[in-house]
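Open the model in your viewer and keep the sequence panel beside it. The stops below are given in the order in which to select them.

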Amino acid sequence: MPDQRNTSEPPEHQLTFAAELRELRRRTFKKPTEEALARRMGCGRSTVSAILNGRRFPHWEHTAAFVEACGEDPSRWRDRWLRADRQIEEGSKGLRSPVTPLPLAAGPEAEGDALLAAYWYRDNREFYEAAAAHARRARSEIRVTYTRRYPPTQYTTRASAEYFRTILDWAGEDSDDERSVRRIIGIPERDGLPDRDMLSWARQHHQDSKHILNYEANVLRWTAAADGLNMALIDDSVVFLAFSGGSRQRLNGFSVEDPTFMSYFAAYFDQLWAGLRPLGAYLAEVDGGRADKPV
C-alpha cells in the first residue's frame, strides 16, 4: 500500500515523484509550510517531510490534498500518481514498467482542444534548478540551445553553473543507456566578425567537451542585437523555454510536460540543427584551420 513504503534506499520512481511534489510546492505563490500541508492532508508534519524527501510514497488522498494546497487541480495529477505507483510496485517485483506520456486534457468548449499545464519559474535560480533536476533524470536525449549576447561565464550563478555542469556530466556518464546531447550555440556577429567574448567561451567549451562521445555542438551565427528564445528538450516529454533580456542575470521561463507540445519544438530544433556547422569546424574556419587554438 502507498504511504507504507519506507526503505533505506527508496525506489527511483518514488524519489522522482517526491521531486515533482517539491517543485510544485516551490512554484506556489505562497509556499505552504509543512505544518499547513499536514493540516490539509490530515497527517503529521513528519509524514509530510517523509513524502517530500522521498522516504515515503503518498497514497492518493494525501497527494490530492497536497496538490490542492499548492493551488493546482488534483485531477491533473491522478495519472501521474497512478503511473508512479505502478512503476514502484513493478520495480519491487523486479519488473520494468515503461514510461508512458500523460494524456492531453480535453478542452471544455470544443472537441479537440487541449489544456496544457505550464510550470512557471519566477527567476534564474528556479528555472535552472528545475531544468537540471529533469536533465539528471533524462533517459536518452537532451537537446538544448544557447543563444544569448553574453557567454555563460559572464553571468554565472550557482544554479546556472550547476545546470551547465549537469548537461555535460549526464552526457559523459558511463551508462548502458544510449544517450545523446545536442546543443545549438548562437555566436553573435557584427559586420561579419564573431563576438570576442562568446568566441573565447566557445573555444574553451570545445576543449571541455570534445572528448565526450555523446555530446555534440553546432553553431548558429547570430546577427540579431538581442537574445534568442532558448529551450531545453528532455527526452520526448518536457520542454523548458527561457526568456532573457535587460541585465545579464535576468532570466525566467516555464516548462510543459506534453508529448504533442514537445513535438513542435523538436521539429524546429532538428530543422535548425540540420543546417548548422559543428563547433569544431566553425572554430577551425574562424581560427584559420586551428580548431584547438588556445583561449
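A residue counts as buried when its relative accessible area is under 20%, and as exposed when that value is over 50%. The coordinates come from a predicted model.

**Stop 1: Arg203**

Select Arg203, in helix H8, which runs over residues 196–209. Its relative accessible area is 11%, so Arg203 is buried. Now add Leu283 to the selection: the two residues lie 80 positions apart along the chain, yet their C-alpha atoms are separated by 7.2 Å.

**Stop 2: the whole chain**

Zoom out and colour by secondary structure. Ten helices and eleven strands make up the count for the chain. Of its 295 residues, 48% are buried. Take the contacts between residues at least 6 apart in sequence: 70% of them join residues at least 24 apart.

**Stop 3: Glu20 and its partners**

Go to helix H1, residues 12–27, and pick out Glu20. Is Glu20 buried or exposed? Its relative accessibility is 12%, under the 20% limit, so Glu20 counts as buried. Show the side chains around it: leaving aside residues up to four places away in sequence, Glu20 touches Trp77, Arg80 and Arg137. Then label Ala133, which is 113 residues from Glu20 in sequence but 9.5 Å from it in space, C-alpha to C-alpha.

**Stop 4: helix H6**

Ala133 leads to the next selection, as it is one of the buried residues of H6. Select residues 124–136 to see the helix as a whole. H6 has 13 residues and spans 18 Å from its first C-alpha to its last, close to the 18 Å expected at 1.5 Å a residue. How many of the 13 residues of H6 are buried? Ten are, so the helix is largely enclosed by the rest of the structure. To check them in the viewer, mark Asn124, Glu126, Phe127 and Tyr128, then the run Ala130, Ala131, Ala132 and Ala133, and finally His134 and Ala135.

**Stop 5: H2 against H4**

Two packed helices are described by the angle between their axes and the distance between the axes. Select H2, residues 34–41, together with H4, residues 60–69. Their axes are 9 Å apart and the packing angle is about 130°. That value makes H2 oblique to H4. The crossing of the two helices is right-handed. Which residues in H2 and H4 meet? From H2 come Leu37, Arg40 and Met41; from H4 come His62, Ala65, Phe66, Glu68 and Ala69. By type, the residues of this contact are five nonpolar, one polar and two charged.

**Stop 6: two loops with positive phi**

Most residues other than glycine have a negative phi, and most peptide bonds are trans. The last two selections have a positive phi without being glycine.

- Asp191 sits in the loop between strand E5 (180–190) and strand E6 (193–194). Its phi is near 55°. With a relative accessible area of 77%, Asp191 is exposed.
- Asp235 belongs to the loop between strand E8 (230–234) and strand E9 (238–244). Its phi is near 50°. Its relative accessible area is 6%, so Asp235 is buried.

Show both with a surface switched on: Asp191 is exposed, whereas Asp235 is buried.

Technical notes:
Residues are numbered from 1 along each chain as its sequence is written. Side-chain values use heavy atoms; hydrogens and water are left out. Axes are lines fitted to C-alpha atoms, for helices over the stretch in contact, and angles run from 0 to 180 degrees between N-to-C directions. Helices (H or I, at least four residues) and strands (E, at least two) are DSSP runs, numbered from the N terminus. Angles under 35 degrees count as roughly parallel, over 145 as roughly antiparallel, 65 to 115 as roughly perpendicular and the rest as oblique. A crossing is left-handed if the near helix is turned anticlockwise from the far one by less than a right angle, and right-handed if clockwise. Contact means heavy atoms within 4.5 Å. Ala, Val, Leu, Ile, Met, Phe, Trp, Tyr, Cys and Pro count as nonpolar, Asp, Glu, Lys and Arg as charged, and the others, Gly among them, as polar. The expected span of a helix is 1.5 Å times one less than its number of residues. Buried means under 20% relative accessible area, exposed over 50%, partly exposed in between (1.4 Å probe, protein chains only).
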